[in-house]
Amino acid sequence: MQPVLEIENLRTSFMTSSGEVQAVRGVSFSVDKGEILGIVGESGSGKSVTSMSVLRLLADTAVIKEGSSIRFEGQEMTSLTKKQLRAIRGEKIAMIFQDPMSSLNPLIPVGKQVEEMIREHHPEKGKEELKRAALELFEKVRIPEPERRYKSYPHEFSGGMRQRVMIAMALANKPDLLIADEPTTALDVTIQDQILHQLRELDKEYGTSIIFITHDLGVVAELCDRVVVMYGGLVMEEAMIDDLFDHPAHPYTMGLLASMPDLEQDKSVRLTPIPGSPPDMTNPPAGCPFAPRCPYARNLCAAELPDFVETGERHRSRCFLQYPDAPADGNNPFAHTSGK
Amino acid sequence: MDDKWGMLESTNEDREKIWKKNRTFAGDVWFRFRHKPTAIAGLILILVLLVFAFAGPLFTHYSYSDQNLDVVNIPPVMRVYEAPDGQACFYVTQALKVLRVNNDGTLDTQLSKLREDYTAGVAIFDYDGTEVGLSYFVTPYEMVDPETMEAYPARTVLNRSYLFGTDSLGRDILTRLMYGTRVSLMVAFIAVIVNMVIGILFGGISGYAGGMVDTVMMRIVDIISTIPLTLYVILIMVIMGSGLQSIIVALGTTYWVGMARVVRGQVLSLKNQEFVMAAKTIGSSTKTILLQHLVPNSMGSILVTVTMLIPSAIFMEAFLGYLGIGLQPPLASLGTMCNDATANLRTCPYQLFIPAIVICLIMFGFNFIGDGLRDALDPKLKK
Amino acid sequence: MKDQPILEVTGLTKHFKIGRKQTVHAVDGVSFTLKRGKTLGLVGESGCGKSTCARTVIRMYDVTAGKVVLDGTDITDMDQKQLKPLRRKMQMIFQDPYASLNARMTVRDIIAEPLLAHGIVRTKTQANDLVYPMLEQVGLTKEHANRYAHEFSGGQRQRVGIARALVLQPELIICDEPISALDVSIQAQVINLLKDFQEEQGVSYLFIAHDLSMVRYVSDDVGVMYLGQLVEVCEADEIYRHPLHPYTKGLLGSIPIANPRLARQKVKSSMEGDIPSPINPPSGCRFHTRCPYATDRCAQETPVLKDAGGGHFVACHQV
């Protein structure tokens, strides 16, 4: 089966006055049909830039480097013109962002904005038909009293409700791919919980593929089928969701999992944080970007960038310690797995 | 690599290292500013004008008030006639006097008039014993050989004595221009300093105090800004007499209202930021909060407002000078120079254009700098 | 004297007037006690008044009603001048590490500011003797002192913010969502730092957050707030093991579980609807509009906090 989206060796940089910021430095992954793919990473890991590169929704200073390839349903996106991209945007690929207020026009009732989204790509539809479609969408995303809410303005909605309107707009044309960039980060846990459940249901109903970008591993666990873990502009690990939590194959993923307390955490035991700070992307390290913070790092790690190692079915990790010739000493967390 | 699987030693220092060059805020702004060609062009322009205005008078032989009625309205580029012996040239002034011009372009004495031949329309002048004629029957008036009535060969030379020519009282325009630019820049800088002090304090206090204080202070600003500036200046002139001091007082007391509004707006939006709250919970005094936290953080908008305000103040001074209610003669300002020139606009357009171009250059310079600063200070471009 | 709580808040109320008629009931009759050297966690959704509560306690806002007693001193009606010496005892750590540091000051000046404000040191050079060790305590180095805040990463900035709060050696630190703007890998650094200081210097924390698992981890007691009121207060582990208030139950059920297998067992979202506006809070129990167990009584009668046994306080008619 052909994947919906294939990204190969994507490199995106920002040209700023203090030099080139290499936000994404060669990212490859693919999204299958109907799949929810999570991209996890901290701020500055390049996760948002990766997704923005797909629709080229980047600042003017951004450059997608030669040799990057983004194929959507077999079509190369990097060579499309802005106009061709606009036709795909909203129709085939939709996006939702962290701050819904920035994507909604404060002067137009939300119902009209949803209609506008449909009419943009289906100008043949009549007024009645559009309204019916909009109301149906409102019901789908569980906006209470859709008839009344249809005429409301964005500022009359709470953050959670606005995000629902955004989801309704995103799904208006039944896109093949939905890119959700931290859509629940600004919301409360109770509202986040509601939105996540809704996304799952809508995903089942529409068969839309979703790229869900977040920094929260908990959210990923709740929603995603497969996960890409990014750090320093690179993919560090890619795995099926259960596999990632059961057998993390990269020290960074392990560090992330270890630094979160769960509700059973013993309070007298200190958390195990990842020491230090993320790398500065104007001056990316030559070796593995995580090496300076990695408790298992070897001399090699700081000098060279490791390649991916397949550690299981659809599970790969960019770590030297996964190499077959890595010593199985006490400082190799993967010693037991590399013996196979 | 000897020991590629040896454990990597990384210290806390490595992990916490900041790679970015240690640049102060000002350094950062300057870095971005100098990468904008127009901004640098503006800066250089203003520096050149400053040197011109303040160091220039040291190098001229004239003062702004030296009059020489022999050399009235001499343009920077003269059309001259060669003398019969080729040792000098003649320049015919508008008053039909003949000036001796040396071959290097410097002006010499006037030729004395011997007699006039009214029938032929020729005035005969004495040139070191030789008689030369000025034919004034047909325009353009020409220097002719009084015997043959043939015109001497004509050419154009640059005026080396008065590079930019002289005005209707025979004063050197270049020198007056230097003084005029000096006045304009002085007006600008004094207006700016007064603005910065009054505007920042007034706006800062108004914004920080909020509530009733803010309302009252802002109404004062409203009242001041409703008085037409020209009217206000005229009133001040009546009391203080016309002159530079009145203009400075007038600009200083009214121009700060724009600055006060900008600062107030900045302070209003900044004072609810967490770093100001932090300063309050620390127990810092109001003075510290205002001068260490609020004002430095509004500096970006303040600087941009200032650089945009300078040309407006300069223009205001020039405008008042042009109206004739600014500086009094013989003092020169760019505006009064333009005003003086309007009478002779048809015959001596250079007298108007030269100061007008300098006004334009000053405005360009400051506007470019303001633009450059705005971009350099824009946090959105910061990465 | 040592048993005297560091902070006692009784019936704290803070209303904001907007326009002529409308009033935001941000905090309504909140009471709690924070024991010396302990941590009290306050959790709730955004808009529940937990941040307003913190800012009123530190007297950034004036108190509408109620009483705030800091270490035996009633600070409810003190003006800023009277408060100044007391500020040494009570400091605050802010949510946004980007907005809470002045971008025009070096880290040294930021940490020295409280020392200068309270006259502990006279000059900036004197301050260095206190600033450098402080920087090292929060895991930064001397080299960082001359840097400007905008050159730091989020986690580093937050540690500078902590250093600024701790340099006065306060007895109480109010942490207003200190980790919610930080990356996961950094959150644990900050939490460990706060815990270390508590062990070494016996600082008390009022810890405000919406991350329930972190709150449980750092707190001795936890208070759950909803629309300006405390609905449940008790020992931290107890509240997570046996939540009594329906809101607490819903809140706990909403936490994303970092375990995909357990997460899949959750069939539906734990709580429906949005938090109502604090301008016109619902009558009776403020949670009744979203409560699955609400009865007529809940809509009419406001429940009060009462002991449900073993120091577990809850405000619900159903318990």
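How many residue pairs, both at pLDDT 80 or more, are in polar contact across the interface of chain A and chain C? The rule finds 13 such pairs there. This is a predicted model. Two interfaces are covered here, and chain C takes part in both: one with chain A, the other with chain B.

**Chain A and chain C: extent**

- On the chain A side, 43 residues are in contact with chain C.
- Chain C answers with 49 residues of its own.
- About 3,900 Å² is buried between chain A and chain C.
- Carbon and sulfur atoms give 50% of that area.

**Chain A and chain C: pairings**

- Four salt bridges are counted between chain A and chain C.
- A salt bridge joins A:Asp246 to C:Arg261.
- In that pair, the closest N and O atoms are 2.8 Å apart.
- Polar contacts at this interface come to 13 residue pairs, both residues at pLDDT 80 or more.

**Chain A: the side that touches chain C**

- Helices α7 (189–206), α8 (217–223), α9 (241–246) and α10 (251–259) of chain A each supply at least two residues to this side.
- The largest share comes from α7(A), with seven residues.
- By class, this side of chain A has 17 nonpolar, twelve polar and 14 charged residues.

**Chain B and chain C: extent**

- Chain B brings 28 residues to its contact with chain C.
- Chain C brings 37 residues to that contact.
- The area buried between chain B and chain C is about 2,800 Å².
- Of this area, 51% is given by carbon and sulfur atoms.

**Chain B and chain C: pairings**

- One salt bridge is found across the interface of chain B and chain C.
- A salt bridge links the side chains of B:Glu274 and C:Arg55, at 3.8 Å from N to O.
- Eleven residue pairs, both at pLDDT 80 or more, are in polar contact between chain B and chain C.

**Chain B: the side that touches chain C**

- Four helices of chain B, α1 (12–16), α2 (25–33), α9 (274–282) and α10 (286–323), each supply at least two residues to this side.
- Helix α9(B) gives the most, with eight residues.
- By class, this side of chain B has eight nonpolar, eleven polar and nine charged residues.

Note on methods:
Residues numbered from 1 in each chain as written. Chains lettered and ligands numbered in written order. Predicted model: local features only at pLDDT ≥ 70, side-chain atom pairs only at ≥ 80, totals over all residues. Heavy atoms only, no water. Contact = heavy atoms within 4.5 Å. Buried area = accessible area lost by both parts, 1.4 Å probe. Polar contact = N/O pair within 3.5 Å; in protein donor to acceptor, adjacent residues only side chain to side chain. Nonpolar A, V, L, I, M, F, W, Y, C, P; charged D, E, K, R; others polar.
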